[in-house]
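Reader: I'm new to this one and would like a close look at a single part before I get lost in the rest. Could you start small and then work outwards?

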Amino acid sequence: MLQFLNKSLKSSNTFQLDVIADRVIELSDKADLSAAIADLSSSEGKRMILGGGSNVLFSGDYNGTVLLNQLKGIEVTGEDEEHYLITSASGVNWDGFVETSVKNDWYGLENLSLIPGTVGAAPIQNIGAYGQEAGNLIESVTSYDILNRTTFTLTGAQCRFGYRTSIFKNELKGRVFIINVTFRLRKHFTPILGYRDVAIRFEERESDGILAAEVREAVIEIRKAKLPNPAEIGNAGSFFKNPEISTAKFTALKQKHPGIPAYPIGNVVKIPAGWLIQEAGWKGRRYKNCGTYPKQALVLVNYGDAHPSELLELKEMIKTDVMEKFSIKLEEEVNIID
Ligand SMILES: Cc1cc2nc3c(=O)[nH]c(=O)nc-3n(C[C@H](O)[C@H](O)[C@H](O)COP(=O)(O)OP(=O)(O)OC[C@H]3O[C@@H](n4cnc5c(N)ncnc54)[C@H](O)[C@@H]3O)c2cc1C
């Protein structure tokens, strides 16, 4: 377990913000877990857990202790006729985990390729992309309760996964350290081609002949064409959630804005936040040292030397303009760290 004082977090957050943490504990050995958590919970000031830093916006220097999760290890922990149970330590890189799964013929994760971050953060906001969500494949999550100093396991159902949410973003927010996640992955591959971008790639193919590695490759290509690479330009992916509104509100909005895209889900209608931001005039617009990505307005980017306050100002201006134009309140997907 390594410790650093007054350490820059620039390389530990994908917005690449040069904020300083009072103290950083790097946890890479599971044997050090309880000592690290004890240290974290007894430390003065604020405390937080950081994985890949790809879903956080620090609002300034961090006056407290950061536990940087680097626990590694993937193992097969069970199987039945149709599935493998695969348990991954929480500090494993998410895309490395997807790659390992595809190579070993453990199926289901392909559409979630190239999402940055760690396995341990995947259940927190129930990461999703191209018609798949991590929660659909999670068998259980084992965590350490920081207050009670006990380890406990929740089943997938107990995690209460929803659209970019789970119990870890609600009742258990800030209370647990996720140690490992067990996935129920299939032995037989069935491609998920519901999303237009993915479907187009395979429209002339019989679904039986499509390989998991091909779907992974296609998803990687689509993502690279659309989203900024955080290694080149600081960002945290989609900054806001896609809002869900009532059918009545949608009908009224459609009269005023006939081009509004919509995805009905049960009693509500999901509206792409990127479209709302674009129509509010923010697509590709710069503000001080930050702005929105020209190819996808939902992604806020740091053009190099942005101060956290500039990104906070930008996201507030976007929220205000979307509210004024559409009477829709955008909600942050990214975790703001005060
Ligand atoms: C270019 C880009 C594209 C993206 N695309 C997608 C996408 O398609 N779909 C999607 O859903 N997300 C996407 N994201 C968001 C992000 O990749 C995911 O939310 C990811 O799961 C965050 O993982 P992380 O390890 O970086 O979490 P961090 O940013 O380090 O942490 C996020 C939150 O989880 C907490 N946390 C992290 N690890 C633990 C742990 N072990 N125990 C307890 N709490 C913990 C942190 O305290 C923090 O509150 C994208 C981000 C980027 C930069």
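How many residues lie between S6 and S7 in the hairpin that they form?

Author: Three residues sit between S6 and S7 in that hairpin. Keep in mind as we go that this is a predicted model. The two arms are S6, residues 74–79, and S7, residues 83–89, and they pair in the antiparallel sense over five bridges. If you'd like a spot to put your finger on, find Gly 78, which stands opposite Leu 85 in S7.

Now follow S7 to another partner. Seven bridges join S7 to S12, and these two strands run antiparallel as well. Here you can look for Ser 88, which stands opposite Val 181 in S12.

S12 is a good guide to the interior. The largest nonpolar core has 86 residues, and S12 gives the largest share of this core, seven residues. The residues with the most contacts inside the core are Leu 57, Val 66, Leu 67, Leu 185 and Ile 277. As a rule, in soluble globular proteins nonpolar side chains tend to be buried together. Let's stay with Leu 185 for a moment. Leaving aside its neighbours within four places in sequence, Leu 185 is in contact with His 83, Tyr 84 and Ile 86, with Ser 101, with the run Trp 106, Tyr 107, Gly 108 and Leu 109, and with Leu 137.

S12, which spans 176–186, also turns up around the ligand, as one of the elements that give two or more residues to the shell there. The others are S3 (46–50), S8 (128–129) and S13 (234–238). In total, 33 residues surround the ligand, and the closest are Gly 51, Gly 52, Gly 117, Gly 120 and Gly 237. By class, the shell divides into 17 nonpolar and 16 polar residues, with no charged ones.

Stepping back, where does the hairpin belong? The domain assignment gives domain 1 as 2–69, domain 2 as 74–226 and domain 3 as 234–337. The hairpin strands, at 74–79 and 83–89, fall in domain 2. As for the other two, the C-alpha centres of domain 1 and domain 3 lie 29 Å apart. Their contact takes 14 residues from domain 1 and twelve from domain 3. On the domain 1 side, the largest share, three residues, comes from strand S4, residues 56–58. That side of domain 1 has eight nonpolar, six polar and no charged residues.

Let's visit domain 1 through strand S5, residues 62–69. Six of its eight residues are buried, so S5 is largely enclosed by the rest of the structure. S5 has parallel partners: S2 (residues 20–27) over six bridges, and S3 over five bridges. Thr 65 makes a handy marker, as it is the bridge partner of Arg 23 and also that of Arg 47.

Over in domain 3, S13 leads you to an open sheet. Four strands line up there in the order S13-S19-S18-S17, with antiparallel pairing. S13 and S17 (286–287) are the edge strands, each pairing on one side only. Further in, S18 (residues 290–293) and S19 (residues 296–302) pair over four bridges, and the bridge partner of Cys 290 in S19 is Asn 302.

Val 301 lies in S19 too. Val 301 counts as buried because it has 26 other C-beta atoms within 10 Å, and 20 or more are needed for that. Not counting residues up to four places away in sequence, Val 301 touches Pro 228, Ile 233, Gly 234, Asn 235, Cys 290, Gly 291 and Tyr 293. Remember Gly 237 from the ligand shell? Val 301 and Gly 237 are 64 residues apart in sequence, yet 8.8 Å apart in space, C-alpha to C-alpha.

One last detour, for backbone oddities. Most residues other than glycine have a negative phi. Gln 16, though, has a positive phi of about 55°; look for Gln 16 in the loop between S1 (2–8) and S2. Tyr 130 is another, with a positive phi of about 50°, and its place is in the loop between S8 and S9 (132–133). Gln 16 is buried, with 21 other C-beta atoms within 10 Å, and Tyr 130 counts as buried with 21 C-beta neighbours inside 10 Å.

How values were computed. Residues are numbered from 1 along each chain as its sequence is written. This is a predicted model: local features need pLDDT of at least 70, side-chain atom pairs count only at pLDDT 80 or more; totals for chains, interfaces and linings use all residues. Domain bounds come from an automatic or database domain assignment. Two residues are in contact if their C-beta atoms, placed from the backbone, lie within 7 Å. Ala, Val, Leu, Ile, Met, Phe, Trp, Tyr, Cys and Pro count as nonpolar, Asp, Glu, Lys and Arg as charged, and the others, Gly among them, as polar. A residue is near a molecule or strand if its C-beta atom, placed from the backbone, lies within 6 Å of it. A nonpolar core is a set of buried Ala, Val, Leu, Ile, Met, Phe, Trp, Tyr and Cys residues joined through C-beta atoms within 7 Å. A residue is buried if 20 or more other C-beta atoms lie within 10 Å of its own, exposed if 12 or fewer, and partly exposed in between; C-beta atoms are placed from the backbone. Two strands pair if DSSP finds at least two bridges between them.
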